[in-house]
Amino acid sequence: MPHMNVLDLSVFPCMSRRHCSLARRRKGLRVLKENEIWDAAVEVWDKLESAKIASAYVQAHRIAKRVLDASGGNEFLGVGGSPHVGIRRDFRPTEKGLARKDGRKFPAPGATNHPSMVAI
């Protein structure tokens with residue numbers, strides 16, 4: 001389910017749009033050479049805001065809750081297939097990621113003893 005993968009959910013689509021825009025500004029509709037593609041991708045990555053990546057994690061968490069509430073189904077997607085989970089409503093971007101608009105802070109999750117989560 002791509003809606004549960006942080007990179008597929010938000011980061012890659014954002015980078016793809018920015019990469020295409022940058023490539024068009026540089027070379028128009030001409031096909032870029034391999035090194036030009038790579039250089040543009042590195043530039044897009046270097047300029048990607050931490051808030052964009054952080055918002056993908058919040059989105060994935062909120063979508064996971066909707067999947068659980070739907071007993072594993074994807075009916076919550078509705079007709080458009082792109083759920084809105086209130087990131088801009090609840091958070092503001094910062095240089096280091098996101099901050100809740102209501103000022104609440106949550107500690108990091110504690111350690112777990114679940115067998116699949118224990119380092120070997």
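Nine salt bridges are present in this structure, which is a predicted model, and the stops below visit some of them in turn. Side chains of opposite charge can pair when their charged atoms come close.

Begin by selecting R30 and E36, whose side chains meet in a salt bridge with a nitrogen-to-oxygen distance of 3.3 Å. Switch on a surface here and compare the two partners: E36 has a relative accessibility of 17% and counts as buried, because the cut-off for buried is under 20%, whereas R30, with a relative accessible area of 38%, is partly exposed.

Next, select helix α2, which covers residues 34-47, and find E43 and K47 within it, four residues apart and therefore separated by about one helical turn. These two residues form a salt bridge in which the closest N and O atoms lie 3.1 Å apart. K47 is exposed at a relative accessible area of 56%, while E43, at 21% relative accessibility, counts as partly exposed.

Then move to helix α3, residues 50-69, and display K65 and D69, which are again placed four residues apart, about one turn of the helix. A salt bridge links K65 to D69, and the closest N and O atoms are 3.1 Å from each other. Both K65 and D69 are exposed.

For the last stop, return to E43 and K47 and add R26 to the selection, since salt bridges with shared partners join R26, E43 and K47 into one network.

Methods: Residues numbered from 1 in each chain as written. Predicted model: local features only at pLDDT ≥ 70, side-chain atom pairs only at ≥ 80, totals over all residues. Heavy atoms only, no water. Salt bridge = Lys/Arg side-chain N within 4 Å of Asp/Glu carboxyl O. Buried < 20%, exposed > 50% of the residue type's maximum accessible area, 1.4 Å probe, protein only. Helix = DSSP H or I, 4+ residues; strand = E, 2+ residues; numbered from the N terminus.
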